[in-house]
Amino acid sequence: MPVKVLIVDDNKIYRDAFKRNMMLHNFDVCEAEHGGEALEVLKAQKPDVLVTDLCMRTPTEGLDVIRQAKGIDPLLPIVMISAVGTFEEGAIATRLGASDVISKSNIEERLERMYESIVVAAREYESNRALLAEIEKSRQAEEPSERALAVKSIEDILTKRELHPYVQSEAYDALLNLQMPEIRLTAEQD
């Protein structure tokens, strides 16, 4: 199944050219003209990766898109592309959760690498969503034997290298909740 990419850019000519190029590289592409539209498309079409411009209706609308998209889906890989962004805005985008920041001025040189990064990011996204589903399933464990298996499953997840911080946080939270009956019992016995 092709990777679904949401392109957010207020420049229709650029957006159309980028969309065509991505489709030639076997990506499934949806698009939005600005941040508000992007959030609607994000919720409706659930892309695997979001690529956003920085400067649209406001000079830093792309940063708002990143912030709001991460509020909807903390695992969503995001690439910010900008013709006018500064190093500081790139650093902010990274801090907000963008996995890559690319200047439009040298995008042709980085296009193939960006496509490879998008595919890798989409695979990681799929893997992280599967881990979250496993964590959520473990939260349903009620019987002691089920909880023991769920604890083992979450401990296995926590040993994975380079675990996404959101997945790690959810895993620790689930682990604590699963171990809470034993913690209470131990506390009552003391």
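How many helices and strands does the chain have? In this predicted model, there are seven helices and five strands. Their order along the sequence is β-α-β-α-β-α-β-α-β-α-α-α. The C-alpha trace spans about 70 × 35 × 30 Å along its principal axes.

One helix pair was examined in detail. Helix α2 covers residues 35-45, and helix α3 covers residues 61-72. Their axes come within 10 Å and cross at roughly 25°. Angles under 35 degrees count as roughly parallel, so α2 is roughly parallel to α3. The crossing of the two helices is right-handed. On the α2 side, the contact is made by G35, G36, L39, L42 and K43. On the α3 side, E61, V65, Q68, A69 and I72 take part. By class, the residues of this contact divide into five nonpolar, three polar and two charged.

The residue H34 lies in the loop between β2 (28-32) and α2. Residues V8, M56, R57 and E61 are touched by H34, leaving aside residues up to four places away in sequence. Of these, E61 also belongs to the contact of α2 with α3. The C-alpha atoms of H34 and T58 are 9.7 Å apart in space, and the two residues are 24 residues apart in sequence.

Open pockets were considered next. The largest pocket holds about 500 Å³ of space. It is lined by 24 residues, and the closest to its centre are A121, E124, Y125, N128 and H164. Three elements give two or more residues to this lining: β4 (78-82), β5 (98-103) and α5 (107-139). Helix α5 gives the most, with nine residues. Twelve residues of the lining are nonpolar, six are polar and six are charged.

The second largest pocket holds about 340 Å³ of space. Its lining is made of 16 residues. Closest to the centre of this pocket are M1, P2, V3, D48 and E126. Here too, α5 gives the most to the lining, with six residues. The lining divides into seven nonpolar, two polar and seven charged residues. Helix α5 is thus the main contributor to the lining of the largest pocket and to that of the second largest pocket.

Enclosed space was also searched for. Across the whole structure, one cavity of 30 Å³ or more is found. The volume of the largest cavity is about 40 Å³. Its lining consists of I7, V8, D9, Y14, F18, V51, T52, D53, I81 and K104. At least two of these residues come from each of β1 (4-8), α1 (12-24) and β3 (49-53). Strand β3 gives the most, with three residues. Six residues of the cavity lining are nonpolar, one is polar and three are charged. One of the lining residues, V8, is also touched by H34.

Key:
Residues numbered from 1 in each chain as written. Predicted model: local features only at pLDDT ≥ 70, side-chain atom pairs only at ≥ 80, totals over all residues. Heavy atoms only, no water. Axes fitted to C-alpha atoms, helices over the stretch in contact; angles between N-to-C directions. Helix = DSSP H or I, 4+ residues; strand = E, 2+ residues; numbered from the N terminus. Parallel < 35°, antiparallel > 145°, perpendicular 65-115°, else oblique. Left-handed = near helix turned anticlockwise from the far one by under 90°. Contact = heavy atoms within 4.5 Å. Nonpolar A, V, L, I, M, F, W, Y, C, P; charged D, E, K, R; others polar. 1 Å grid on protein atoms, 1.4 Å probe; cavity = no way out; pocket = protein on both sides within 12 Å on 5 of 7 lines; lining within 4 Å. Points joined across faces, edges and corners; volume = space filled by probe spheres on them.
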